[in-house]
Amino acid sequence: MTEKVIVSNKGLVRADFNFWVGKYMDKFYDGLEQKKIVGNKCSKCGDVFCPPRSVCGKCNENLPLDQNWVDLPESGTLQNYTITPYKVTDRRTRKVKDPQLIAMVQIDGSNTAIVNRLLNITPDEIKIGMKVKVDWSEKTTGAPSDINGFVKV
Ligand SMILES: [Zn+2]
């Protein structure tokens, strides 16, 4: 029988990585860089997806990459939210002092919701069904951080 030696180190491990989000999300992020919200529409049932997808979640129809892109407004409706002490945009950061309000927002004209922060609002002001709009980052780069979050209209 061989003796097993286990070595452990305490501390943070840094792991930088890149990955490709795919052709559909590429278009979505290209839109964000222009401060535009884009989605794609199912030609069979008419549902609009934001963020866009390759297959309709309702009727299973393939959504061709070169068709049925729709420009959507920067406004939407709060579908749901949660409060978390963690910073969503930076997983290396542990608990933050002020809790983050994370919202699911259905962009007007779409049938799905996107997730981002709710800004400049206190939890007691939040009402599901309230109108919100995108708060854009000053400098956009075609990345998730182009959207700071949503603010009430
Ligand atoms: Zn469909």
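A residue counts as partly exposed when the number of other C-beta atoms within 10 Å of its own falls between the limits for buried, 20 or more, and exposed, 12 or fewer. In this predicted model, N68 has 16 C-beta neighbours inside 10 Å and therefore belongs to the partly exposed group. The backbone of N68 is also worth a look: its phi is near 60°, a positive value in a residue other than glycine. N68 lies in the loop between strand 2 and strand 3.

That loop holds other backbone features. N60 is found there too, and N60 has a positive phi of about 70° although it is not a glycine. With 10 other C-beta atoms within 10 Å, a count that meets the limit of 12 or fewer, N60 is exposed. P51 also has its place in this loop, which runs between strand 2 (48-49) and strand 3 (69-72). The peptide bond joining C50 and P51 is cis, with omega at about 5°.

The strands on either side of the loop take part in an open sheet. Three strands form this sheet in the order 2-1-3, and their pairing is antiparallel. Strand 2 and strand 3 stand at the edges with a single partner strand each, so one side of each has no neighbour in the sheet. Strand 1, made of residues 37-41, pairs with strand 3 in the antiparallel sense over four bridges. Within this part of the sheet, V38 stands opposite D71 in strand 3.

Which residues of helix 1 are buried? In this helix, which spans residues 23-33, they are F28, G31 and L32. These three cover an arc of only 105° around the axis, which means that they sit on the same side of helix 1. A general feature of such helices helps here: an α-helix has 3.6 residues a turn, so residues three or four places apart point the same way. On the other side of helix 1, K23 and D30 are exposed.

The buried residues of helix 1 pack against two strands, namely strand 1 and strand 8 (147-152). Strand 1 thus links two parts of the description: buried residues of helix 1 pack against it, and in the sheet order 2-1-3 it is flanked by strand 2 and strand 3. Just after helix 1, K35 takes a positive phi of about 60°.

Conventions:
Residues are numbered from 1 along each chain as its sequence is written. This is a predicted model: local features need pLDDT of at least 70, side-chain atom pairs count only at pLDDT 80 or more; totals for chains, interfaces and linings use all residues. Two strands pair if DSSP finds at least two bridges between them. The arc is that of the directions from the helix axis to the C-beta atoms. Two residues are in contact if their C-beta atoms, placed from the backbone, lie within 7 Å.
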